[in-house]
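Here are my notes on the model you sent, set out as numbered points. Please read them with the structure open.

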Amino acid sequence: MSDLVVSTKGLTRKFGEKTAVNNLDLEIRTGQIYGFLGPNGCGKTTTMRMLTGLLTPTSGSISVLGQPMPQSAEPLKNEIGYMTQIFSYYRDMTVLENLRFAAEIYGMPKNKIAGRIDELLSTYDLTENINQLSGSMSGGQRQKLALAATVIHSPKLLFLDEPTSAVDPETRRGFWEQLFDLVDQGATMIVSTHFMDEAERCHRLAILEHGTKKADGSPRQLMDDLNATVVEVEGAGLRRVKHQLDGQDDVLSTAQVGARLRVLVKKSESDPVAMLKALLQDYPDISLTVQRPNLEDVFVSATKGDPS
Ligand SMILES: Nc1ncnc2c1ncn2[C@@H]1O[C@H](COP(=O)(O)OP(=O)(O)OP(=O)(O)O)[C@@H](O)[C@H]1O
């Protein structure tokens with residue numbers, strides 16, 4: 001049996017003249033956290049809406065859990081959970097009321113609802129908030145409620161659209177621990193993000209820009225396969241050094257990170273340090289060292305853009 005949970009071929013969505021998603025081929029396997037990494041407007045939400053059957057593609061095909069989308073959206077409703085970018089539960093309802101409402105939407109058997117809600121309140125640390133209006137909760141608590149409501153029917157496949165963009169780093173870490181618990185229980189998930197640290201936690205990633213997939217693979221594989229050498233420059237006058245290097249043929253990008261300038265040099269350059277030294281003869285006191293690539297380097301090299 002195929003372990004493909006989601007596959008698409010040539011998936012495209014246009015809005016008038018605008019191509020939001022362009023010829024996207026995806027293969028997402030069971031038990032993975034698969035990330036869509038890209039800046040605002042690169043097509044992450046549009047892709048998720050097509051994969052969940054909420055939006056019809058302009059062209060291309062989609063298979064989700066072995067069934068065609070959007071035709072199978074209704075029968076697959078109970079197998080899928082979708083946590084949208086904006087909190088989509090009722091702010092003027094309590095935590096308990098929202099969870100009961102979600103259970104009813106999924107048509108859960110009445111005798112299972114109370115037990116499942118108790119379980120979720122405890123897992124997501126919401127027991128004390130049970131009678132609190134969700135509109136009066138903190139962003140982190142609301143996010144836990146949204147996740148609890150999304151998984152109330154124990155879906156096999158979860159879509160999470162920029163789930164942690166409104167919460168602090170500690171809450172984000174805790175949230176990811178909960179995602180790994182869900183994977184451990186057998187779920188597969190697709191998570192969109194524009195945070196590098198979040199993308200690095202995914203098993204696999206697709207880097208998207210202007211609706212096009214620029215690269216995909218595991219974060220480690222993408223870093224190992226980077227088509228550039230990373231050189232860090234340290235010393236005085238980094239802003240001037242940057243301006244000197246920007247636009248040079250073999251320099252893909254420069255970015256200042258604190259007191260260092262991170263320079264991506266084309267892989268075809270056999271001695272990038274010597275090449276940079278030659279360009280920077282007027283700066284005798286700077287030091288240059290080759291560094292391991294990180295995911296941001298991969299992103300910059302794949303898109304030559306700004307991760308926003
Ligand atoms: N209903 C729509 N009508 C017209 N254009 C749309 C529509 N939905 C999305 N778009 C456009 O398609 C492109 C992709 O948008 P999308 O929301 O998928 O990006 P995204 O990567 O999810 O970004 P964000 O995180 O900001 O939502 C954008 O240029 C957007 O303006």
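1. In which sense do strand 1 and strand 4 pair, and over how many bridges? The model is a predicted one, and in it strand 1 (residues 4-15) pairs with strand 4 (residues 59-64) in the antiparallel sense, over 5 bridges. One point of contact to check is Lys 9, whose bridge partner in strand 4 is Ser 61.

2. Strand 1 also pairs with strand 2, again antiparallel, and here the bridges number 8. Strand 2 covers residues 18-29. To follow this pairing on screen, start from Thr 8, which has Leu 26 of strand 2 as its bridge partner.

3. Strand 4 continues the sheet to strand 5 (residues 67-68): the two run antiparallel and are joined by 2 bridges. Val 64 has Gln 67 in strand 5 as its bridge partner. The hairpin made by strand 4 and strand 5 has 2 residues between the strands, and in this hairpin Leu 65 takes a positive phi near 50°.

4. Taken together, these pairings give an open sheet of 4 strands in the order 2-1-4-5, with antiparallel pairing. Strand 2 and strand 5 are at the edges; each has a single partner strand, so one side of each lacks a neighbour in the sheet.

5. Which residues surround the ligand? They are Phe 15, Lys 18, Ala 20, Gly 38, Asn 40, Gly 41, Cys 42, Gly 43, Lys 44, Thr 45, Thr 46 and Glu 162. Two elements, strand 2 (18-29) and helix 1 (44-51), give two or more residues to this shell. Helix 1 supplies the largest share, 3 residues. Strand 2 therefore appears twice in this note, as an edge of the sheet and as a contributor to the ligand shell.

6. By residue class, the shell around the ligand holds 6 polar, 3 nonpolar and 3 charged residues.

7. The chain is divided into two parts, domain 1 (4-222) and domain 2 (227-292). Their centres, taken over C-alpha atoms, are separated by 39 Å. The residue ranges of strand 1 and strand 4, 4-15 and 59-64, can be compared with the bounds of domain 1, 4-222.

8. On confidence, the mean pLDDT of the chain is 92, and 98% of the residues reach 70 or more. The model scores are ipTM 0.96 and pTM 0.90. A general caution applies to any remaining part: where pLDDT is low, predicted coordinates should not be read in detail.

Methods: Residues are numbered from 1 along each chain as its sequence is written. This is a predicted model: local features need pLDDT of at least 70, side-chain atom pairs count only at pLDDT 80 or more; totals for chains, interfaces and linings use all residues. A residue is near a molecule or strand if its C-beta atom, placed from the backbone, lies within 6 Å of it. Ala, Val, Leu, Ile, Met, Phe, Trp, Tyr, Cys and Pro count as nonpolar, Asp, Glu, Lys and Arg as charged, and the others, Gly among them, as polar. pLDDT is the predictor's confidence in each residue, from 0 to 100. Two strands pair if DSSP finds at least two bridges between them. Domain bounds come from an automatic or database domain assignment.
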